[in-house]
Amino acid sequence: MNTLSSNGELHGTVALVTGGGRGMGLAIVDELLKNGAYVSLIDINKEIRNNAISELEIKYKLSSKSRLIFIKCDVTNEIEFEDSFKKTIEQFGKINIVVNNAGIMTKYMTSWELAIDLNYKAVVRGTMLGLKYIENNEDKKSAVINVASIVGLSNTVLPIYQSTKRAVIEFTKSIGCPFNSKATGNNVRVMAICPGATFDGFENNIEGKNALQQEIEDLITSGEEIPNPNRILIIQSTDYYKAAFLHIMKNGKNGEVWIAENEQPPRLTHFSTQY
């Protein structure tokens, strides 16, 4: 897979990552640090912050606040969210990359209002703040990357999760289209990534991995009138997701939506525009 190397191609860039304290968000923070970036880790949970920051400081031999800071923030709070951008700039002088990763997985109609606020509204707000605070250059070291999901491209039985992730995809495509880029005069790339099932910790737990894969496959295919008999669903580790993220940073264009699933190289999604 063609990716940015870990020898500093992102050296000197500043990234803000929401929901960066665990899971895929933490994986992205890790990879950004590995590639030489300065990172503002945004999360609402202080406990997560203490563990994540400590581990990363040890791993990359970072002194306090040298290349990594934590900002406690509820991204559904407009004032707090914008303040996190200002604090990042106060610490590091600029922002080049915004990763709108924060979100929640909801089954059926549970916590639907919070899911809309977090999975969609906060992504829209984070994108607009990114376009406001990122220097208006078209380059391979600047971007807003919105984290959607493969579920947003499926017909599932998860009405709120699916619809919010699909909304992220459609928003990203539209705001990044040539017409809107020209209308706003903003050259910062806005892209989306749709990861498949991504979890760590199953290296020595094949039985647990298979059970989770089956559960996820059932949730995705149960909403389809004619399920695809050739569908493949493999739980991938965050290593595949991190590689996909860096590939998209290097190769992605404004308004593009990428899929990263099943331990495969990332691929660009193509949408029909005719109805």
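The following paragraphs describe the nonpolar cores, the charged contacts, the cysteines and selected loop residues of a predicted model.

The largest nonpolar core of the predicted structure comprises 32 residues, and within this core L32 and L68 have the most contacts. Helix α8, which spans residues 238–251, gives the most to this core, contributing six residues. A second core, separate from the largest one, holds 24 residues, among them L16, I42, C73 and F81. The surroundings of L68 can be listed in full: when residues up to four places away in sequence are not counted, L68 touches V29, L33, V39, L41, I53, L56, L62 and F92.

Under the distance criterion applied here, the structure contains 12 salt bridges. One of them joins the side chains of K242 and D30, with a separation of 3.8 Å from N to O. This pair links distant parts of the chain, given that K242 belongs to helix α8 and D30 to helix α1 (residues 23–34), the two being 212 residues apart. Both partners, K242 and D30, are buried. The side chain of K242 also meets that of D239 in a salt bridge, at 3.6 Å from N to O, and here both residues lie in helix α8, three residues apart, or about one turn of the helix. The two ends of this second pair fall into separate accessibility classes: K242 is buried, with a relative accessible area of 11%, whereas D239 is exposed, with a relative accessible area of 51%. Through salt bridges that share partners, D30, E31, K34, K59, D239 and K242 are joined into one network.

A further salt bridge is found in helix α5 (residues 159–175), where K173 and E170 are placed three residues apart, about one turn of the helix; their side chains meet at 3.1 Å from N to O. K173 is partly exposed, with a relative accessible area of 22%, and E170 likewise counts as partly exposed, at 39% relative accessibility. Helix α5 also contains I175, a residue that is buried, with a relative accessible area of 18%. The C-alpha atoms of I175 and T127 are separated by 9.4 Å, although the two residues are 48 residues apart along the chain. With residues up to four places away in sequence not counted, I175 touches T127, M128, L131, N180, S181 and V190.

R189 presents another arrangement of a charged side chain. This residue is placed in the loop between α6 (178–184) and β6 (190–195). R189 is buried yet has no salt bridge, and the nearest side chain of opposite charge, that of D139, is 5.5 Å away; the pair therefore does not meet the requirement that a side-chain nitrogen be within 4 Å of a carboxyl oxygen. The side chain of R189 does, however, reach the backbone oxygen of D139, at 3.3 Å, and a polar atom of the R189 side chain lies 3.2 Å from the backbone oxygen of S142. Leaving aside neighbours within four places in sequence, the contacts of R189 comprise D139, K140, K141, S142, A143 and V144, together with I248, M249, G252, K253 and N254.

With regard to the cysteines, the count of disulfides is zero. C177 takes part in no disulfide, the nearest cysteine sulfur being that of C194, 18 Å away. For C194, the closest cysteine sulfur is that of C177, and because the two sulfurs are 18 Å apart, they are too far from each other for a bond. The surroundings of these residues can also be described by accessibility: C177 is partly exposed, with a relative accessible area of 24%, while C194 is buried, with a relative accessible area of 0%.

Finally, two loop residues are noted for their backbone conformation. S111, a residue other than glycine, has a positive phi near 50 degrees; S111 lies in the loop between β4 (97–100) and α4 (112–133) and counts as partly exposed at 45% relative accessibility. N262, which is not a glycine either, has a positive phi of about 55 degrees. The place of N262 is in the loop between β7 (257–260) and β8 (267–268), where N262 counts as buried, at 10% relative accessibility.

Key: Residues are numbered from 1 along each chain as its sequence is written. This is a predicted model: local features need pLDDT of at least 70, side-chain atom pairs count only at pLDDT 80 or more; totals for chains, interfaces and linings use all residues. Side-chain values use heavy atoms; hydrogens and water are left out. Helices (H or I, at least four residues) and strands (E, at least two) are DSSP runs, numbered from the N terminus. Buried means under 20% relative accessible area, exposed over 50%, partly exposed in between (1.4 Å probe, protein chains only). Lys and Arg count as positive and Asp and Glu as negative; His and the chain ends are not counted. A polar contact is a pair of N or O atoms within 3.5 Å; within protein, one must be able to donate a hydrogen and the other to accept it, and residues adjacent in sequence count only if both atoms are side-chain atoms. Contact means heavy atoms within 4.5 Å. A nonpolar core is a set of buried Ala, Val, Leu, Ile, Met, Phe, Trp, Tyr and Cys residues joined through side-chain atoms within 4.5 Å. A disulfide is a pair of cysteine sulfur atoms within 2.5 Å.
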